[in-house]
Amino acid sequence: MRPVIGAGMVGYAVMGRTHSQAWRSVDAIGGAEHGFRRVQVTEPDHPYAGAWWPPGHGLGYEHTFVHETKDFLEAVAAGTGPAPSFEDGLRVQRVTAAAERSAAEGSRFITVEGS
């Protein structure tokens, strides 16, 4: 599972195509609701489920790109910026580059570019 960092984390495992793992930073640390939650992505209450087949059937890696394209086109049609934005993506790349550099340099602290 590879996390995406921001106001929380989302993890996705290829072998677990019917669910994702989600953690929100707003959850109280140490509270009963703290920790990762399993999110079923094929159940009717999921925002993208209506575009696919009956609940419980697996979605593949490629379906993510269909969802991204839908969100992007809807944002363009509404005249709003897509979310996440290209700026968000750049921030993720800068964090990733800093983590790689830190690992290559003995796990020393690296300041993230632009922060």
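This report walks through two helices, the loop between them and the segment that follows in a predicted model.

## Helix α1 and its buried histidine

Let's begin with α1, which covers residues 61–78. His67 sits in this helix, and at 13% relative accessibility His67 counts as buried, because the cut-off for that class is under 20%. What does His67 touch, once its neighbours within four places in sequence are set aside? The contacts are with Tyr48, Trp52 and Leu59.

Val66 also belongs to α1. With a relative accessibility of 44%, Val66 counts as partly exposed. Tyr48 turns up here again: the C-alpha atoms of Val66 and Tyr48 are separated by 9.8 Å, and the two residues are 18 residues apart along the chain.

## Salt bridges along the helices

How many salt bridges does a search of the whole structure find? The search finds six. One of them lies in α1, where the side chains of Glu74 and Lys70 meet with an N to O distance of 3.1 Å. Both residues are in that helix, four residues apart, which is about one turn. Glu74 is partly exposed at 44% relative accessible area, and Lys70 is likewise partly exposed at 38%.

Helix α2 has a pair with a matching layout: Arg91 and Glu87 are four residues apart, about one turn of the helix. Their side chains form a salt bridge at 3.5 Å, N to O. Arg91 counts as partly exposed at 45% relative accessibility, while Glu87 is exposed, with a relative accessible area of 55%. Another salt bridge links Glu105 with Arg101, whose closest N and O atoms are 3.1 Å apart. Glu105 is partly exposed at 35%, and Arg101 is partly exposed at 43%. There is also a network, in which salt bridges that share partners join Glu87, Asp88 and Arg91.

## From the loop into α2

Between α1 and α2 there is a loop, and Pro84 has its place there. If you trace the backbone at this point, look for the cis peptide bond joining Ala83 and Pro84, with omega at about 0°. Most peptide bonds are trans, so a cis bond is a feature to look at.

A little further on, α2 begins. At its start, a side-chain oxygen of Ser85 reaches to within 3.3 Å of the backbone nitrogen of Glu87. That is the Glu87 whose side chain meets Arg91 in a salt bridge. The helix itself has 19 residues and reaches 27 Å from its first C-alpha to its last. This span is close to the 27 Å expected at 1.5 Å a residue.

## The end of α2 and the segment after it

Ser102 lies in α2, which runs over residues 86–104. Is Ser102 buried or exposed? At 15% relative accessibility, Ser102 counts as buried, because that value falls under 20%. Leaving aside its neighbours within four places in sequence, Ser102 is in contact with Ser107, Arg108 and Ile110.

Two backbone angles are worth a look here. Gly106 follows α2 and has a positive phi, near 75°. Ser107 lies in the segment after α2, and its phi is also positive, at about 65°, although Ser107 is not a glycine. Most residues other than glycine have a negative phi. Ser107 counts as exposed at 60% relative accessibility, whereas its contact partner Ser102 is buried.

## A nonpolar patch on the surface

Which residues form a nonpolar patch on the surface? They are Phe72, Leu73, Val76 and Phe86, with about 450 Å² of accessible area together. The largest share of this patch, three residues, comes from α1.

Phe72 is one of the patch residues and is found in α1. Its relative accessible area is 38%, so Phe72 is partly exposed. In the same helix you can also find the salt bridge of Glu74 with Lys70 and the buried His67.

Conventions:
Residues are numbered from 1 along each chain as its sequence is written. This is a predicted model: local features need pLDDT of at least 70, side-chain atom pairs count only at pLDDT 80 or more; totals for chains, interfaces and linings use all residues. Side-chain values use heavy atoms; hydrogens and water are left out. Helices (H or I, at least four residues) and strands (E, at least two) are DSSP runs, numbered from the N terminus. Buried means under 20% relative accessible area, exposed over 50%, partly exposed in between (1.4 Å probe, protein chains only). Contact means heavy atoms within 4.5 Å. A salt bridge is a side-chain nitrogen of Lys or Arg within 4 Å of a carboxyl oxygen of Asp or Glu. The expected span of a helix is 1.5 Å times one less than its number of residues. A polar contact is a pair of N or O atoms within 3.5 Å; within protein, one must be able to donate a hydrogen and the other to accept it, and residues adjacent in sequence count only if both atoms are side-chain atoms. Patches are made of residues with over 30% relative accessible area and no salt bridge: like charges are joined within 9 Å, nonpolar side chains (Val, Leu, Ile, Met, Phe, Trp, Tyr) within 5 Å. Accessible areas come from the Shrake-Rupley method with a 1.4 Å probe; for residues, only the protein chains shown count as cover.
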